[in-house]
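Work through the exercises below with the sequence and the structure at hand, and try each task before reading its solution.

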Amino acid sequence: MVLAKSDNNGPLTPISEGTPVPDSPSGSAFRASSNGKRRPYHFSTQCVTVENPAQKDQYGSSSVPIYQTATFKGMGGEYDYTRSGNPTRSHLEHHVAKISSAAHAFVVSSGMAALDVITRLLKPGDEVVAGDDLYGGTNRLLTYLKNNGGITVHHVDTTDAPSVVPYLRAGKTAMVLLESPTNPLLKVVDIERICASVRQHAPDALVVVDNTMMSPYLQRPLEHGADLVYDSGTKYLSGHHDLMAGVVVCDRDDVAQRIAFTINAVGNALSPFDSFLLLRGIKTMAIRMDRQQSSAQRVATFLDSLGFRTFYPGLPGHPGKDIHERHASGYGAVLSFVTGDKALSERIVGATRLWGISVSFGAVNSLISMPCLMSHASIDAATRASRGLPEDLIRLCVGIEDPADLLEDLECALLQAGAISSVELPSSGQRRLTRVRPDDGTGLIGMAVEKINLGEQDVEKREWFVSAPGKVILFGEHAVVHGVTAIAAAVNLRCFGLTTPREDGKLALYLPDLGGYEETWSLDELPWDVLEPLPEGEAHGPVLDEKLVAAIVETLKAHCATKTSQAAAVAFLYLYMMMARGDTKPTFSFTARSNMPISAGLGSSAAYSTCISSALLLLHRRITIPTEPAPTAAPNGKQPAHVHISHNGRVAIPKPTADEINAWAFISEKVLHGNPSGIDNSVAVYGGALAYTRPGFERKAGLDPLNGFKSVRFLLVNSKIPRDTKSLVAGVGKRKAEEPDVINPILDAIQNISDEARRALEDPELPRQTLISGLEALIDENHEHLVSLGVSHPALEVIRAKTASAPYNLHTKLTGAGGGGCAVTLVPDQFSDEALQQLVAELREDGFDAYTTTVGGSGLGVFSPRSGEDGENVSTGGGDEGMRVPLRSQFLDKDVLELAEWVEDRGRWLYV
Ligand SMILES: Nc1ncnc2c1ncn2[C@@H]1O[C@H](COP(=O)(O)OP(=O)(O)OP(=O)(O)O)[C@@H](O)[C@H]1O
Ligand SMILES: C[C@@](O)(CCO)CC(=O)[O-]
């Protein structure tokens with residue numbers, strides 16, 4: 001079938017040469033216009049005009065007849081056997097190609113059959129890159145091929161386009177499988193960008209898109225560079241849940257020939273009767289979907305306004321909204337949300353009446369389901385957890401019922417399940433729905449915040465600059481959370497924080513590294529009514545005030561943060577509020593920038609936590625930083641009276657101050673990481689290299705400085721696979737609780753490794769070569785244990801293999817939380833700079849980032865008050881927020897590569 005392409009909104013563009021020009025308006029993709037030129041019909045018009053000019057009906061039937069026959073008489077005719085071809089099916093395929101603006105279309109017996117036909121293009125040894133938030137059935141078929149077909153499958157977060165690149169290998173990657181938006185988390189994939197990366201790095205690979213969530217009405221991925229698109233025709237195309245069908249479309253003739261061969265060979269083409277039904281369903285597709293998606297938008301807005309975390313690309317805060325809008329002309333009719341409690345979600349699903357409990361979507365009837373119990377149950381619980389699929393997720397597939405009925409039914413179910421409560425407002429008599437917090441079942445979220453009389457503001461009048469390093473864990477990550485000793489050192493990559501005073505009574509947070517997050521709060525917007533202030537002189541306890549965390553999260557909802565920026569903002573506001581004393585609340589802007597990769601296992605969160613902790617302690621006047629001792633003036637006023645020994649600012653911040661900063665940085669880490677061991681913030685504050693054992697376990701807790709690392713070179717390689725420390729740490733904790741007999745011996749073995757490394761580093765008699773080769777052996781051993789703990793990742797194994805291959809023969813382990821992130825490689829003294837450069841270049845070619853580094857540098861630094869002239873009390877005059885911006889504007893303008901040097905050059909820094 002050869003048809004013309006359409007633009008993004010549905011109409012077709014002029015027919016290309018060689019295309020058969022249809023002679024009937026109803027079979028054509030074109031309409032006449034007043035100037036005599038033919039113009040394309042709109043999508044909904046095309047849907048109803050089912051006529052194939054090459055296939056005229058002998059009686060002029062206005063509906064395509066069902067050729068319910070297996071065989072056709074005679075020889076040499078167009079059809080002989082329905083497995084190979086059938087007129088009803090041909091009509092349907094012509095029609096599907098037309099509305100998909102594709103050159104070729106095929107219809108088969110189900111959506112999974114469509115994927116089966118496509119994956120038969122693969123051969124043993126091929127690699128497939130697929131998303132990590134896939135439809136359960138797709139996942140099942142890929143797992144089958146992995147186990148039985150010699151195919152390697154890499155599950156990658158395709159919503160982060162750069163993270164796909166490390167897996168694209170010319171000559172190896174044969175297929176990249178995408179869904180956008182994903183089902184059921186509605187994450188958006190940048191199809192166009194990934195297609196471009198595939199063309200660059202693995203030009204022979206086919207990009208295949210499962211377009212079922214959108215249908216050809218809303219999205220046509222062939223126009224964005226995909227090679228093959230398939231749909232489960234059971235969904236929007238048919239629209240009535242009365243048939244199963246799959247659709248494959250493509251433009252490439254060679255691929256189409258191979259697909260046609262497979263369909264004929266395996267015999268899974270769609271039956272004549274189902275072809276007729278599907279053809280009939282398509283006629284109303286556009287009008288059905290218009291109604292469905294407008295209702296979906298209302299439902300999503302309703303849930304979002306109640307404070308449920310709702311996933312729908314049509315909501316203003318959806319992180320993939322812009323990308324989605326570039327690829328599609330609507331947001332579809334599937335959305336999902338979480339309640340915070342699996343049992344509560346089950347009660348909600350069970351309480352609905354109009355929303356049918358069913359798998360699948362796309363039908364005229366609205367459906368509700370819990371993916372973890374239904375459509376995604378074929379993915380095991382651990383994999384679901386590792387892919388971030390919440391167990392309490394509810395998916396809604398919106399139909400064509402009256403939206404008012406749908407909303408009312410949902411509201412009743414939420415009320416009946418106890419997810420919301422209805423309060424009558426005495427003033428107006430109106431009802432107000434309020435979400436009930438799932439953890440205690442009683443407290444209400446979203447209550448009006450009391451206006452707080454802040455009284456006189458006492459604002460510091462100067463800028464404060466702080467900085468803290470990232471870290472590399474050499475031995476003992478994860479095990480350290482459970483009381484094992486770990487060895488870590490500061491790296492020369494840092495986070496920098498700057499406070500700038502404001503005179504407008506507001507607090508602001510600027511996080512340029514997190515997608516340019518910028519938020520300003522009036523102090524009375526913060527949930528002070530939930531805060532239980534720390535009694536004067538008392539330290540924060542070991543447990544977070546979860547009520548306050550939840551209230552801050554709730555406050556931030558209105559500000560539409562992404563998950564990462566929200567976490568950073570919650571930590572900042574939590575510390576700010578907890579540190580506040582009485583009515584003395586400083587107002588300022590805080591800006592953080594870092595020159596290390598974020599969420600890559602190098603402790604970016606601890607560096608950030610240390611920066612906010614020290615800045616907030618300073619601004620709340622809970623600590624003071626000593627001024628740099630000024631050289632005493634000589635009697636003649638010209639020469640210093642005594643020799644001023646330069647320590648480059650080191651050891652200038654006293655230990656009690658550093659301890660206080662570390663304690664609060666740990667609180668921030670708790671907000672960000674759930675159950676941190678405290679090693680990352682300790683390195684960020686104290687710097688150097690440390691052996692760290694967490695308090696509260698059987699071993700003696702402690703924080704012992706270690707020597708011996710300073711001269712060792714390391715290579716840090718960032719796999720660029722994003723991952724979440726919080727869930728990785730939680731995953732290991734869960735395994736330890738469930739399989740103590742497996743996990744505890746691993747933890748003991750890691751303790752032995754840390755002990756051995758420590759002994760070796762502290763042994764002045766040990767020959768250098770023995771030390772290095774001993775550390776290499778321990779690196780290998782430790783990595784194997786981390787693999788057994790389940791925190792490695794294929795990309796980390798690729799990095800290990802590469803660095804271990806000849807001529808390099810280096811030893812590498814994952815560092816930090818794993819699951820992606822960074823690997824650390826020990827670079828022996830004799831290893832040449834040329835070889836190192838060559839290795840770095842090759843790793844970069846493979847899509848990784850690599851940095852050479854030495855470890856053990858300074859910890860927390862604060863810009864000395866005496867040398868702050870650069871930024872003190874200089875007003876720009878034009879500041880729209882009533883703030884002074886001299887340092888800040890320069891800080892924001894600096895290229896990340898120049899940042900460290902520029903910051904250092906500002907003046908005198910004092911370090912722990
Ligand atoms: N420069 C920054 N600006 C703002 N927030 C930051 C910055 N760096 C880190 N963060 C916060 O820390 C989080 C990253 O923490 P995560 O634990 O995932 O990575 P990491 O600390 O780099 O790795 P690891 O803990 O495994 O060593 C971010 O999501 C963000 O909330
Ligand atoms: C995985 C972990 O051991 C290191 C993260 O950098 C967690 C921790 O110690 O907090």
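**Exercise 1.** In which sense do strand 13 and strand 14 pair, and over how many bridges?

Solution. Begin by locating the two elements in this predicted model: strand 13 covers residues 367-369, and strand 14 covers residues 393-397. Next, follow their directions, which shows that the two pair in the antiparallel sense, over three bridges. Finally, look across from Ile-368, and you find Leu-396 of strand 14 standing opposite.

**Exercise 2.** Place these strands in their sheet, find its edge strands, and identify the helix that lies across strand 10, strand 11 and strand 14.

Solution. The open sheet is formed by five strands in the order 10-11-14-13-12, and their pairing is mixed. Strand 10 (309-311) and strand 12 (356-357) are the edge strands, since each of them pairs on one side only. The helix is helix 9 (residues 285-305), which runs at about 10° to strand 11 (334-338).

**Exercise 3.** Decide whether Val-553 is buried or exposed.

Solution. First find Val-553 in helix 14, which spans residues 546-557. Then count its surroundings: 20 other C-beta atoms lie within 10 Å. Because a residue is called buried at 20 or more such atoms, Val-553 is buried. As a further step, compare Val-553 with Ala-569, which is 16 residues away in sequence and 8.9 Å away in space, C-alpha to C-alpha.

**Exercise 4.** Find what the pLDDT says about the chain as a whole and about residues 439-459.

Solution. The mean pLDDT of the protein chain is 86, and 86% of its residues reach 70 or more. Over residues 439-459, however, the pLDDT is below 50, although this stretch has 35 contacts in the model beyond near neighbours in sequence.

Technical notes: Residues numbered from 1 in each chain as written. Chains lettered and ligands numbered in written order. Predicted model: local features only at pLDDT ≥ 70, side-chain atom pairs only at ≥ 80, totals over all residues. Pairing = 2+ DSSP bridges. Helix = DSSP H or I, 4+ residues; strand = E, 2+ residues; numbered from the N terminus. Contact = placed C-beta atoms within 7 Å. Axes fitted to C-alpha atoms, helices over the stretch in contact; angles between N-to-C directions. Buried ≥ 20, exposed ≤ 12 C-beta atoms within 10 Å, placed from the backbone. pLDDT = per-residue confidence, 0-100.
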